[in-house]
Amino acid sequence: MPQDEKRLYPRLTLNIGDGYFGHFTLPNQERVAALIVNLSAGGINIAVAEAQSHKLKEEDILELQQIAGGTSFSFLKQLRAEVRWMKSLDMPGYVSVGCRFVDIAEDLREQLSRFVTSERMARGQYD
């Protein structure tokens with residue numbers, strides 16, 4: 001990990017072309033699907049369509065219902081995540097949203113950490 005890296009947990013970078021989507025419930029119970037950019041035991045970075053981004057704001061608590069994609073993320077469901085920041089994305093039509101997992105059980109955090117480490121190795125994402 002580079003010295004200027006401030007992350008507590010290593011992150012798994014996913015290619016947008018991989019097609020991993022997170023299905024989230026917003027505080028008003030509306031649902032939004034978003035592309036997953038990266039994932040760690042500490043949180044998730046998603047790309048939300050600009051047309052949907054007005055529905056989110058910093059400090060919102062989202063509930064991750066499930067992740068759809070090729071790799072089995074079935075153990076990650078009904079996980080709460082706080083929106084920490086939102087910013088423009090180089091990909092037109094999307095906004096990047098960084099979320100921190102909240103109230104995550106320690107055994108689930110450890111399972112997610114092991115999963116991220118395994119997937120990073122399988123994908124050649126070495127430190």
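# Close-up views of a predicted model

**Figure 1. Lys87 is placed over the ring of Trp85.** K87 lies over the face of W85, at a distance of 5.0 Å from the ring centre. The model shown here and in the following views is predicted. W85 also has a place in the strand pairing, where this residue stands opposite G98 in β7.

**Figure 2. Strands β6 and β7 pair as an antiparallel hairpin.** Strand β6 comprises residues 79–88 and is joined to β7 by 8 bridges, the two strands running antiparallel. Between β6 and β7 the hairpin has 5 residues. One residue of this turn, G93, has a positive phi of about 90°. Strand β7 itself covers residues 94–102 and is mostly covered, with 7 of its 9 residues buried.

**Figure 3. Strand β7 also pairs with strand β4.** The pairing of β4 and β7 is antiparallel and extends over 7 bridges. Within this pairing, N45 stands opposite G98 in β7. G98 is thus shared between two views, since W85 stands opposite G98 and N45 stands opposite G98 as well.

**Figure 4. Strands β3 and β4 form a hairpin with 2 residues between them.** The strands run antiparallel, and 4 bridges join β3 to β4, the latter comprising residues 43–49. L35 has A47 as its bridge partner in β4. Strand β3, residues 31–40, is mostly covered: of its 10 residues, 8 are buried.

**Figure 5. Strand β2 pairs with strand β3.** Strand β2 (residues 21–25) and β3 are antiparallel and share 5 bridges. F21 has L35 as its bridge partner in β3. L35 therefore appears in two pairings, being the bridge partner of F21 and having A47 as its bridge partner in β4. The hairpin of β2 and β3 has 5 residues between the strands, and Q29 in this hairpin takes a positive phi near 75°.

**Figure 6. Strand β1 pairs with strand β3.** Strand β1 is formed by residues 11–13 and pairs with β3 in the antiparallel sense over 3 bridges. L12 stands opposite L39 in β3.

**Figure 7. Aromatic rings meet at Phe115.** The count of aromatic pairs in the model comes to 3. In one pair, F73 and F115 are arranged edge-to-face, with 5.1 Å from centre to centre and 65° between the planes. F73 lies in the loop between β5 (61–68) and β6, whereas F115 lies in helix α2 (residues 106–122), so the pair ties together parts that are 42 residues apart in sequence. Both F73 and F115 are buried. For F75 and F115, the ring centres are 5.4 Å apart and the planes stand at 70°, so this pair is edge-to-face. F75 lies in the loop between β5 and β6 and F115 in helix α2, so the pair ties together parts that are 40 residues apart in sequence.

**Figure 8. Four aromatic residues form one cluster.** The members of the cluster are Y20, F73, F75 and F115. F115 counts as buried because its relative accessibility is 14%, the cut-off being under 20%.

Note on methods: Residues are numbered from 1 along each chain as its sequence is written. This is a predicted model: local features need pLDDT of at least 70, side-chain atom pairs count only at pLDDT 80 or more; totals for chains, interfaces and linings use all residues. Side-chain values use heavy atoms; hydrogens and water are left out. Buried means under 20% relative accessible area, exposed over 50%, partly exposed in between (1.4 Å probe, protein chains only). Two strands pair if DSSP finds at least two bridges between them. Rings of Phe, Tyr and Trp (its six-membered ring) pair if their centres lie within 6.5 Å; planes under 30 degrees apart count as stacked, over 60 as edge-to-face and the rest as tilted. A charge sits over a ring if NZ of Lys or CZ of Arg is within 6 Å of the ring centre and within 35 degrees of the ring normal.
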